[in-house]
Amino acid sequence: MPGTSSLRAWWARRPPAAGAAVLATGILSIGLRLARHEVLSHAALALAAAAWVALAADFAVRLLWERRRWLAEAATPAGLTAVAATTVLGTGVSALGRQSLAWALVALAAVLWPVLMTDVVRQLARRVLSHRARRLPGAVFLCCVATQGLAVLGATLAKAESLSWPAHTALVLFWLGLLLYVGMLILFDWRQVTEGAGDQWVAGGALAVSALAGARLIDADHALYLWNADDRGVLRGMTIALLVLALVWYAVLLAAEVLRPRPRYDVRRWATVFPLGMTAVATMSVATAADVPGLKGPGEVLLWVAVAAWLAVATAALITGFGGSVGAVRSTGRR
């Protein structure tokens with residue numbers, strides 16, 4: 001059927017950055033749960049899970065039958081959305097008490113992380129050593145996001161299962177993620193702040209997920225008494241500092257959007273929604289973990305901003321996808 005053929009053609013052209021839609025939807029589910037909107041949270045998580053399954057199937061098909069394309073996409077920072085999306089989904093599932101499934105998802109993410117990260121870092125190193133490296137877009141910060149996503153899920157499972165080793169592993173990943181952020185900041189093209197198509201927001205979102213990882217580690221320590229007072233103080237101070245920096249990025253990027261509007265839909269706009277949602281979740285989480293109750297209200301306001309952005313991008317995606325499918329059908333009919 002022409003309609004089915006055009007849908008398949010559209011799906012085949014889907015870039016790795018489309019995985020950010022799962023990230024955006026999954027983090028909204030977590031945020032809505034923190035704000036005690038259980039029904040909306042469950043609906044968002046179900047939608048994220050369905051999208052994750054579809055993308056996972058596509059990931060497997062390309063690995064088995066389109067190996068060359070898979071290798072090319074896996075070597076790009078956007079390919080790390082596979083790891084980040086899996087950890088976000090696992091964190092949402094853990095909140096529902098489904099710890100066995102959360103363990104399965106963290107295991108999958110832990111297997112994918114070194115494979116994809118090695119390819120990405122190797123490609124970035126080649127570009128730098130060739131002295132022909134151009135500055136990179138915001139997607140490069142997914143190196144940090146994927147690493148901190150593992151830290152978030154590890155710390156979440158540590159508290160849920162009363163186990164210390166996932167928290168210690170998460171702490172190592174937390175500091176590694178910060179090192180990766182600094183490295184990617186050096187490669188970032190600062191012109192993307194005013195010219196980017198959406199993924200420039202990941203520069204701030206990576207700090208927000210780092211703050212969330214810190215908050216989850218503090219929560220795990222409250223339950224398990226993992227570190228001494230000095231270590232707790234350093235972790236708390238770093239977590240709050242990361243949140244402040246994430247909020248500064250949020251303000252800068254929002255101002256850039258106002259001064260240089262980019263209304264045209266791009267799939268990378270999902271990489272805008274994710275940092276919006278992650279900043280809201282990080283703000284609410286730090287409010288509780290670090291005992292800064294004044295952050296709770298602003299966090300909930302930021303959550304609804306993220307929900308509005310999700311609705312706007314989802315609507316634009318449907319309109320664009322439907323328009324493309326209709327155009328393909330008409331083109332087929334003329335032949």
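This report describes the helices, the nonpolar core and several individual residues of one protein chain.

## Overall architecture

The structure is a predicted model. Its protein chain holds 13 helices and zero strands. Read from the N terminus on, the elements therefore run α-α-α-α-α-α-α-α-α-α-α-α-α. Of the 335 residues in the protein chain, 51% count as buried. Among contacts between residues at least 6 apart in sequence, 81% join residues at least 24 apart.

## The nonpolar core

The largest nonpolar core comprises 107 residues. Within this core, the residues with the most contacts are Leu80, Phe141 and Trp270. For tryptophan 270, the contact partners can be listed, leaving aside residues up to four places away in sequence. They are Ala20, Ala21, Ala24, Tyr265, Trp310, Val313, Ala314 and Ala317. Tryptophan 270 also takes part in a helix pairing, since Trp270 of α12 is among the residues that meet α2.

## Two helix pairings

Helix α2 spans residues 20–34 and packs against α12 at an angle of about 25°, with the two axes 8 Å apart. An angle under 35 degrees counts as roughly parallel, so α2 is roughly parallel to α12. The contact draws on many residues of both helices. On the α2 side are Ala20, Ala21, Leu23, Ala24, Ile27, Leu28, Ile30, Gly31 and Leu34. On the α12 side are Trp270, Ala271, Val273, Phe274, Gly277, Met278, Val281, Met284 and Ser285. The crossing of these two helices, α2 and α12, is left-handed.

A second pairing involves helix α8, residues 165–187, and helix α10, residues 202–224. Their axes come within 10 Å and cross at roughly 160°. Because angles over 145 degrees count as roughly antiparallel, α8 is roughly antiparallel to α10. Here, too, the crossing is left-handed, as α8 passes α10. From α8, the residues in contact are Ala167, Ala170, Leu171, Phe174, Leu178 and Tyr181. They meet Ala203, Ala206, Leu207, Ser210, Ala213, Gly214, Leu217 and Ala220 in α10.

## Cysteines without a disulfide

A search of the whole structure finds zero disulfides. Cysteine 143 is in no disulfide, and the nearest cysteine sulfur, which belongs to cysteine 144, is 8.7 Å away. A disulfide requires sulfur atoms within 2.5 Å, so a separation of 8.7 Å does not qualify. Cysteine 144 is likewise in no disulfide, with the sulfur of cysteine 143 as its nearest cysteine sulfur. Cysteine 143 is buried at 0% relative accessibility, and cysteine 144 is buried with a relative accessible area of 0%.

## Individual residues in helices and loops

The table gathers five residues with their location and relative accessible area.

| Residue | Location | Relative accessible area | Class |
|---|---|---|---|
| Serine 41 | helix α3 (residues 38–65) | 3% | buried |
| Threonine 156 | helix α7 (residues 142–161) | 11% | buried |
| Leucine 245 | helix α11 (residues 229–259) | 45% | partly exposed |
| Tyrosine 225 | loop between α10 and α11 | 65% | exposed |
| Aspartate 291 | loop between α12 (270–289) and α13 (296–334) | 63% | exposed |

Serine 41 counts as buried because its relative accessible area of 3% lies under the 20% limit. Not counting residues up to four places away in sequence, serine 41 touches Ser29, Leu32 and Arg33.

Threonine 156 is also under that limit, at 11%, and therefore counts as buried. With residues up to four places away in sequence again set aside, threonine 156 touches Thr91, Ser94 and Arg216. Threonine 156 and alanine 215 are 59 residues apart in sequence, and their C-alpha atoms are 9.9 Å apart in space.

Leucine 245, at 45%, lies between the limits of 20% and 50% and so counts as partly exposed. Along the chain, leucine 245 and alanine 211 are 34 residues apart, and their C-alpha atoms are separated by 9.5 Å.

The two loop residues have backbone angles that deserve a remark. Tyrosine 225 has a positive phi of about 55° although it is not a glycine. Aspartate 291, another residue other than glycine, has a positive phi near 55°. With relative accessible areas of 65% for tyrosine 225 and 63% for aspartate 291, these residues count as exposed because the limit for that class is over 50%.

Notes
Residues numbered from 1 in each chain as written. Predicted model: local features only at pLDDT ≥ 70, side-chain atom pairs only at ≥ 80, totals over all residues. Heavy atoms only, no water. Core = buried A, V, L, I, M, F, W, Y, C linked by side-chain atoms within 4.5 Å. Buried < 20%, exposed > 50% of the residue type's maximum accessible area, 1.4 Å probe, protein only. Contact = heavy atoms within 4.5 Å. Axes fitted to C-alpha atoms, helices over the stretch in contact; angles between N-to-C directions. Helix = DSSP H or I, 4+ residues; strand = E, 2+ residues; numbered from the N terminus. Parallel < 35°, antiparallel > 145°, perpendicular 65-115°, else oblique. Left-handed = near helix turned anticlockwise from the far one by under 90°.
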